[in-house]
Amino acid sequence: KALQLGTGALGLGGGLLYSQHVGAFWLHVGVEYFYNFENGDDYRFGDRLRGGFAAHWTPSTRTMLGVEFDITNTWQSQDGRRAGDSDIPNSGGLVVTGNLVAQQRLANFWGGNLNLRGLIGMPFYEYLNGPQLGEDFHAMVALQWKRRF
């Protein structure tokens, strides 16, 4: 059976973010919780609690360089096909990651900014419940347009 890319169900999440500007730096602290509902196969992926800290250096209004640290706790998934919605032993765990991030504004149009953003990071600590797919590193390049309303 192939790897499933999503949960196959709706979820509900929320969180808080605090940002503080200090000279040429932005400091960010955040926390979020995400609840997964049961999917059509009577399977419910584990809920997630994530906290993070970021320090972004902004030498100009167009450029940002930063470091980010996240800690994510994922509860074990549950299988409704088993008696009493039993936990799936090889699911969930605790992961601490660190990232280096860079962003450059390319253009300003339609009231928003077009940015090129890149990120590379790795887990510093992983405690996974049983054998699971982990990671050695992760990377991302994105072209994003953002507008505040």
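Among the elements of the protein chain in this predicted model, strand β7 (residues 86-87) has the lowest mean pLDDT, at 79, whereas β4 has the highest, at 97. For the protein chain as a whole the mean pLDDT is 89, and 95% of its residues reach 70 or more. The points below take up the sheet, the hairpin formed by β1 and β2, the salt bridges, and the surroundings of Asp47.

**The sheet**

- An open sheet is formed by 7 strands, which follow one another in the order β1-β2-β4-β5-β8-β9-β10, and the pairing is antiparallel.
- Because β1 and β10 (138-146) stand at the edges and each has a single partner strand, one side of each is left without a neighbour in the sheet.
- From one strand to the next, the twist averages 20 degrees.

**The β1-β2 hairpin**

- Strand β1, which covers residues 11-22, and strand β2, which covers residues 25-36, pair in the antiparallel sense over 12 bridges.
- The two strands, β1 and β2, form a hairpin with 2 residues between them, and Gly23 in the turn has a positive phi of about 60 degrees.
- Two pairs of residues illustrate the register of this pairing: His21 has Trp26 in β2 as its bridge partner, and Gln20 stands opposite Leu27, also in β2.

**Salt bridges**

- The structure holds 3 salt bridges, and each of them is described in turn below.
- Arg50 and Glu32 meet through their side chains in a salt bridge with an N to O distance of 3.0 Å. This pair links distant parts of the chain, since Arg50 belongs to strand β4 and Glu32 to strand β2, and the two residues are 18 residues apart.
- Arg50 counts as partly exposed, because its relative accessibility of 31% falls between the limits of 20% for buried and 50% for exposed. Glu32, with a relative accessibility of 37%, likewise counts as partly exposed.
- A salt bridge also joins the side chains of Glu68 and Arg117, with an N to O distance of 3.5 Å. Glu68 lies in strand β5 (residues 63-74) and Arg117 in strand β9 (residues 112-128), so this pair ties together parts that are 49 residues apart in sequence.
- Glu68 is buried, with a relative accessible area of 12%, and Arg117 is buried as well, with a relative accessible area of 17%.
- The side chains of Asp47 and Arg44 meet in a salt bridge at 2.8 Å, N to O, and both of these residues are buried.

**Asp47 and its surroundings**

- Asp47 is placed in the loop between β3 (43-44) and β4 (48-57). Its relative accessible area is 7%, which is under the 20% limit, and Asp47 therefore counts as buried.
- In addition to the salt bridge with Arg44, the side chain of Asp47 makes a polar contact of 2.7 Å with the side chain of Tyr33.
- When neighbours within four places in sequence are left aside, the residues in contact with Asp47 are Tyr33, Phe34, Tyr35 and Asn36, together with Asn73, Thr74 and Trp75.
- Tyr33, which makes the polar contact with Asp47, falls within the span of strand β2, residues 25-36.

How values were computed. Residues are numbered from 1 along each chain as its sequence is written. This is a predicted model: local features need pLDDT of at least 70, side-chain atom pairs count only at pLDDT 80 or more; totals for chains, interfaces and linings use all residues. Side-chain values use heavy atoms; hydrogens and water are left out. Helices (H or I, at least four residues) and strands (E, at least two) are DSSP runs, numbered from the N terminus. Buried means under 20% relative accessible area, exposed over 50%, partly exposed in between (1.4 Å probe, protein chains only). A polar contact is a pair of N or O atoms within 3.5 Å; within protein, one must be able to donate a hydrogen and the other to accept it, and residues adjacent in sequence count only if both atoms are side-chain atoms. Contact means heavy atoms within 4.5 Å. Two strands pair if DSSP finds at least two bridges between them. A salt bridge is a side-chain nitrogen of Lys or Arg within 4 Å of a carboxyl oxygen of Asp or Glu. pLDDT is the predictor's confidence in each residue, from 0 to 100. Axes are lines fitted to C-alpha atoms, for helices over the stretch in contact, and angles run from 0 to 180 degrees between N-to-C directions.
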